[in-house]
Number of protein chains: 10
Amino acid sequence: MKFAVRMDVAIPQEMAEQAKNDLLAREKEYSQALQRSGEWQSIWRCVGEYANLSIFDVGSNERLHEILWGLPLFPHMRIEITPLATHPSDIALA
Amino acid sequence: MKFAVRMDVAIPQEMAEQAKNDLLAREKEYSQALQRSGEWQSIWRCVGEYANLSIFDVGSNERLHEILWGLPLFPHMRIEITPLATHPSDIALA
Amino acid sequence: MKFAVRMDVAIPQEMAEQAKNDLLAREKEYSQALQRSGEWQSIWRCVGEYANLSIFDVGSNERLHEILWGLPLFPHMRIEITPLATHPSDIALA
Amino acid sequence: MKFAVRMDVAIPQEMAEQAKNDLLAREKEYSQALQRSGEWQSIWRCVGEYANLSIFDVGSNERLHEILWGLPLFPHMRIEITPLATHPSDIALA
Amino acid sequence: MKFAVRMDVAIPQEMAEQAKNDLLAREKEYSQALQRSGEWQSIWRCVGEYANLSIFDVGSNERLHEILWGLPLFPHMRIEITPLATHPSDIALA
Amino acid sequence: MKFAVRMDVAIPQEMAEQAKNDLLAREKEYSQALQRSGEWQSIWRCVGEYANLSIFDVGSNERLHEILWGLPLFPHMRIEITPLATHPSDIALA
Amino acid sequence: MKFAVRMDVAIPQEMAEQAKNDLLAREKEYSQALQRSGEWQSIWRCVGEYANLSIFDVGSNERLHEILWGLPLFPHMRIEITPLATHPSDIALA
Amino acid sequence: MKFAVRMDVAIPQEMAEQAKNDLLAREKEYSQALQRSGEWQSIWRCVGEYANLSIFDVGSNERLHEILWGLPLFPHMRIEITPLATHPSDIALA
Amino acid sequence: MKFAVRMDVAIPQEMAEQAKNDLLAREKEYSQALQRSGEWQSIWRCVGEYANLSIFDVGSNERLHEILWGLPLFPHMRIEITPLATHPSDIALA
Amino acid sequence: MKFAVRMDVAIPQEMAEQAKNDLLAREKEYSQALQRSGEWQSIWRCVGEYANLSIFDVGSNERLHEILWGLPLFPHMRIEITPLATHPSDIALA
């Protein structure tokens with residue numbers, strides 16, 4: 001079950017450099033583990049913005065929430081979700 | 001070069017059934033040719049909306065415009081574009 | 001899997017009375033069949049608006065889209081979807 | 001008398017861990033007491049957001065305000081209310 | 001139970017003069033009957049707009065919806081509702 | 001001359017308890033004096049929000065501004081004004 | 001008593017040329033009579049838009065509404081009003 | 001060449017009283033010098049808001065920017081500009 | 001004096017093919033004459049939209065309005081204007 | 001490949017004067033190097049705002065992102081991007 005998820009990040013400017021680096025390292029590790037498991041299918045940077053557009057492929061709403069809520073950057077993110085379905089023009093259907 | 005494109009469709013309610021069916025058949029054919037050539041990388045239906053979210057992979061802005069302007073449904077669409085770049089957490093980089 | 005769905009209806013004012021009545025009868029029948037099957041869990045009128053707020057309980061995004069796209073009033077609706085998950089304070093968890 | 005209430009939470013990032021845990025424990029207890037009494041009929045997490053969608057069933061606007069104003073998290077919430085009425089397609093009417 | 005209700009009116013420009021006059025006469029009569037019964041407590045014109053701001057005092061959400069849905073101008077209105085409660089500074093409380 | 005005024009309040013969370021209580025006491029006293037003089041005709045709490053909807057009846061724009069600018073809570077408010085006029089359906093005109 | 005009023009005009013494209021010319025002539029005459037009487041103090045075209053920004057100086061909200069409602073173009077306008085007061089830095093006060 | 005300029009002011013609440021008074025005195029002096037020279041043609045307070053609507057009459061965009069950028073309150077303002085032209089109904093043209 | 005101007009076009013779908021072609025030919029001729037004279041400095045298509053972003057270099061607001069008002073497509077456009085000034089980092093200043 | 005980029009700047013008011021001057025000097029140097037290399041084709045100040053409108057001419061989305069992400073002021077900017085294509089009325093095509 002696919003979802004498009006846009007995440008806009010705003011890390012507080014007063015966060016100490018070391019704390020910020022640790023946070024970003026944990027975020028990257030978290031994201032890559034889910035990419036490897038196949039649930040975080042794609043991730044792109046939105047050009048010129050501290051934001052990404054991602055495609056998730058998960059078993060349920062509950063699982064998608066669990067993943068997003070667990071993001072190390074979650075407290076510093078605004079998240080927007082678009083549930084997706086198969087498009088009738090998709091050649092994968094043919 | 002990747003772009004996320006959201007297309008919202010609003011076909012005029014007074015369009016005749018036959019004209020509409022022809023239009024939609026041409027749209028499907030147009031979309032599938034570009035999917036096969038690899039420029040229209042993904043297309044998903046946005047759940048509960050007459051809209052799709054698509055990923056394009058094209059050589060230039062000019063080419064993306066040429067493709068979108070040529071959509072049979074273009075006169076009945078509202079289109080929103082997000083230019084994409086590689087995300088540093090993408091495992092494809094590793 | 002739960003979704004909150006808000007549907008705003010705008011029936012064209014030029015639609016003939018009989019066509020409109022038929023359409024609304026079909027909409028009611030369609031909705032009630034899904035309420036009886038348990039997928040359309042709740043439906044409320046939004047006070048003072050030609051709109052409803054509904055809770056759906058379905059197996060997948062695909063199924064939710066199939067239901068909404070099939071609504072007799074779909075061509076006259078604007079639909080907004082909020083995917084839902086269990087809330088940790090829900091007493092049903094206790 | 002039913003109301004849909006969406007609550008978006010933004011706890012200040014500088015709040016001490018202990019104060020935050022106490023606050024959240026009081027919020028949960030407050031919510032569950034009202035769920036048990038039947039006035040807070042449903043509560044769902046909005047996927048990927050620090051937000052909930054709830055259905056209240058109360059005797060008056062005054063009572064709804066009293067409940068919301070009393071939420072331990074109220075000073076950290078943005079709240080949006082939709083008054084609800086019975087929908088003519090609701091099978092509970094049949 | 002009080003509600004502030006703002007109604008914005010947009011009568012189709014193609015409506016015949018006589019039909020429009022009849023409609024407006026019925027609207028006025030309908031409004032004035034409810035003003036006399038006490039449920040439609042106040043009505044003001046919003047300066048420079050085809051709109052009014054009204055205060056209703058009704059027994060329930062159901063009753064408010066019944067009143068608004070029954071407005072002869074309802075199909076030509078956009079309606080926005082704010083549920084009201086007693087304000088602690090109101091001198092009527094003293 | 002009537003005006004609808006909506007005031008949304010956001011008191012800084014770091015304000016000391018005593019300062020806040022003094023401020024709120026002065027606000028209440030200020031509001032009630034104007035209610036007694038008849039210029040602040042009505043005040044209601046907007047349900048679930050730290051906001052009020054008020055009706056003022058003043059001699060001029062200048063006077064309305066003087067009143068609002070003088071509110072003890074003014075520096076912590078966002079204010080929205082709708083100038084009102086008599087509505088032709090108002091039974092007070094009959 | 002001053003008000004800033006922005007008027008955006010959208011004349012239906014199907015209006016006959018003669019009817020449109022008559023309407024615009026009546027609008028001009030109406031506006032100029034009020035400019036001469038001093039109530040319509042200033043009128044400017046908003047560059048690149050079918051819109052004007054005007055300053056009115058009237059005795060009351062009622063009078064402002066009467067003027068605006070009477071505009072020949074009123075049914076084709078969207079109007080936005082900002083009540084104005086004397087600014088403490090205005091040199092006219094010195 | 002005329003421009004309508006709306007300035008919304010938000011002075012940081014932590015600014016010391018003396019610093020704030022100095023800033024406001026400089027702002028007033030700056031504004032009044034430009035009013036006397038004729039470039040700042042009008043200034044009105046927006047009722048109930050810490051905002052003004054002003055009309056400038058300057059020789060160029062460059063000059064307008066120079067004036068606004070030099071405002072002592074500029075770092076605390078949000079500014080919105082509407083370029084103006086002569087309106088064909090303006091009686092000054094007759 | 002520079003202005004950025006964004007023009008969004010919406011030609012009525014019922015316009016006859018010949019009338020539309022004539023209109024577009026006149027628009028092109030009008031635009032190109034002004035490009036040659038140097039007042040319409042740049043024009044770009046906004047990718048995927050029936051819209052352009054243009055830079056104008058004109059002597060006054062009046063002249064900019066005259067140009068835009070005279071566009072053959074003006075009745076079918078929504079226009080948004082940003083007045084521009086020299087940027088202090090512009091290397092043309094060095 | 002052209003892009004219009006609008007950058008709105010909000011430097012934290014608590015930043016020390018020296019740090020701010022250094023930052024702005026680095027920003028200017030960075031911008032001017034890219035202007036000289038031809039990738040940052042134009043930069044204008046938006047009148048009355050701490051903002052600029054720029055035209056970039058780059059080889060890819062990746063390169064545009066690299067440039068913008070590297071801006072010394074990037075952490076204090078909100079950036080909005082419009083991909084551009086050749087306009088059929090552009091005289092450069094003739």
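Two strands count as paired here if DSSP finds at least two bridges between them, and the strands themselves are DSSP runs (E, at least two residues), just as helices are runs of H or I with at least four, numbered from the N terminus. This is a predicted model, in which local features need pLDDT of at least 70 and side-chain atom pairs count only at pLDDT 80 or more, while totals for chains, interfaces and linings use all residues. Residues are numbered from 1 along each chain as its sequence is written, chains are lettered from A and ligands numbered from 1 in the order in which they are written, and side-chain values use heavy atoms, leaving out hydrogens and water.

Let's start with a hairpin in chain D. Strands β2(D) and β3(D) form it with four residues between them, and D:G48 in the turn has a positive phi of about 75°. The two strands run antiparallel and are joined by five bridges; D:R45, for instance, has D:N52 in β3(D) as its bridge partner. On another side, D:N52 is also the bridge partner of D:M7. That pair belongs to the seven bridges between the antiparallel strands β1 (residues 2–9) and β3 (residues 51–57) of chain D.

Now follow β2(D) across to the neighbouring chain. Three bridges join β4(C) to β2(D), again antiparallel, and C:L84 stands opposite D:C46. Strand β2 (residues 40–46) of chain D is mostly covered, with six of its seven residues buried (under 20% relative accessible area with a 1.4 Å probe, protein chains only).

Put these pairings together and a barrel appears: eight strands close in the order β1(C)-β3(C)-β2(C)-β4(D)-β1(D)-β3(D)-β2(D)-β4(C), with antiparallel pairing. From one strand to the next, the twist averages 35°. Helix α2 (residues 61–69) of chain C packs on the sheet, touching β1, β3 and β4 of chain C, and its direction makes about 20° with that of β1(C). In chain D, helix α2 (residues 61–69) lies across β1, β3 and β4 (77–86), at about 20° to β1(D). These angles run from 0 to 180 degrees between N-to-C directions, with axes as lines fitted to C-alpha atoms, for helices over the stretch in contact.

What about the other chains? A rotation of 180° with 0.0 Å of shift along its axis superposes chain A on chain B at an RMSD of 0.0 Å (least squares on C-alpha atoms of residues with pLDDT of at least 70 in both). That is the relation of a two-fold axis. Because 100% of the interface residues of chain A are also interface residues in chain B, the copies meet through the same surface. By contrast, no contact (heavy atoms within 4.5 Å) joins chain C and chain F, whose closest C-alpha atoms lie 15 Å apart.

Technical notes: Buried means under 20% relative accessible area, exposed over 50%, partly exposed in between (1.4 Å probe, protein chains only).
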